[in-house]
Each structure stands twice: as structure tokens, then as C-alpha cells.
Amino acid sequence: MMVLLTIVETCKQNGVNVRRYLEDVLERIQDHPANRIRELLPHHWTDPQAA
């Protein structure tokens, strides 16, 4: 539970839509390369729908 709250707060602090972030990351994480996991952190994440 605390991990989820930490992710939510980090998203809020970085101006990231929490719901969109979680939807995207949960869809992508299974196939995302481990050496690029940093891209999925809230402060590095970019919304693919915003482009």
C-alpha cells in the first residue's frame, strides 16, 4: 500500500496524471526492457497519448 501511495504522490509532485500513468505503465511493464526501466518512473515518464 505504501508503495502505491509513494507512486501517486510522486506523480502529483511531477504534474503527471496518476490514472493515465498507472494505466500506461501497467500495460507496458511486462514487455519493457529492464535496462530502460528508468523511463517508467513518474519523473521520467512521458504520456504517449499527449504526443
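Start by selecting Met2, which lies in helix H1, the run of residues 2–13. The model on screen is predicted. Is Met2 buried or exposed? Its relative accessibility is 61%, so Met2 counts as exposed, the cut-off for that word being over 50%.

Keep Met2 selected and add Met1 and Leu5. Together, Met1, Met2 and Leu5 make a nonpolar patch on the surface, with an area of about 390 Å².

Next, select residues 2–13 and residues 18–28, and show them as cartoons. These are helices H1 and H2, and they pack against each other. Two numbers are useful here: a pair of packed helices is described by the angle between the axes and the distance between them. For H1 and H2 the angle is about 120° and the axes are 9 Å apart. The two helices are therefore oblique to each other. Which hand does the crossing of H1 and H2 have? It is right-handed.

Now turn to the charged side chains. How many salt bridges does a search of the whole structure find? It finds seven. Select Arg20 and show its side chain. Arg20 has a relative accessibility of 12%, so it counts as buried, since buried means under 20%.

Three partners of Arg20 can be added one at a time.

- Add Glu23. It forms a salt bridge with Arg20, and the closest N and O atoms are 3.5 Å apart. Both residues are in helix H2, three residues apart, which is about one turn of the helix. Glu23 is partly exposed, with a relative accessible area of 33%.
- Add Asp24. Its side chain meets that of Arg20 in a salt bridge, at 3.9 Å from N to O. This pair also lies in helix H2, four residues apart, again about one turn of the helix. With a relative accessibility of 3%, Asp24 counts as buried.
- Add Asp47. Its salt bridge with Arg20 has its closest N and O atoms 3.3 Å apart. Asp47 sits in the segment after H2 while Arg20 is in helix H2, so this pair ties together parts 27 residues apart in sequence. Asp47 is partly exposed, with a relative accessible area of 24%.

For the last stop, keep these four residues and add Arg19 and Arg28. Which residues are linked in the network of salt bridges? They are Arg19, Arg20, Glu23, Asp24, Arg28 and Asp47.

Notes
Residues numbered from 1 in each chain as written. Predicted model: local features only at pLDDT ≥ 70, side-chain atom pairs only at ≥ 80, totals over all residues. Heavy atoms only, no water. Patch = residues over 30% accessible without salt bridge, like charges linked within 9 Å, V, L, I, M, F, W, Y side chains within 5 Å. Areas by Shrake-Rupley, 256 points an atom, 1.4 Å probe, with all protein chains shown as cover. Buried < 20%, exposed > 50% of the residue type's maximum accessible area, 1.4 Å probe, protein only. Axes fitted to C-alpha atoms, helices over the stretch in contact; angles between N-to-C directions. Parallel < 35°, antiparallel > 145°, perpendicular 65-115°, else oblique. Left-handed = near helix turned anticlockwise from the far one by under 90°.
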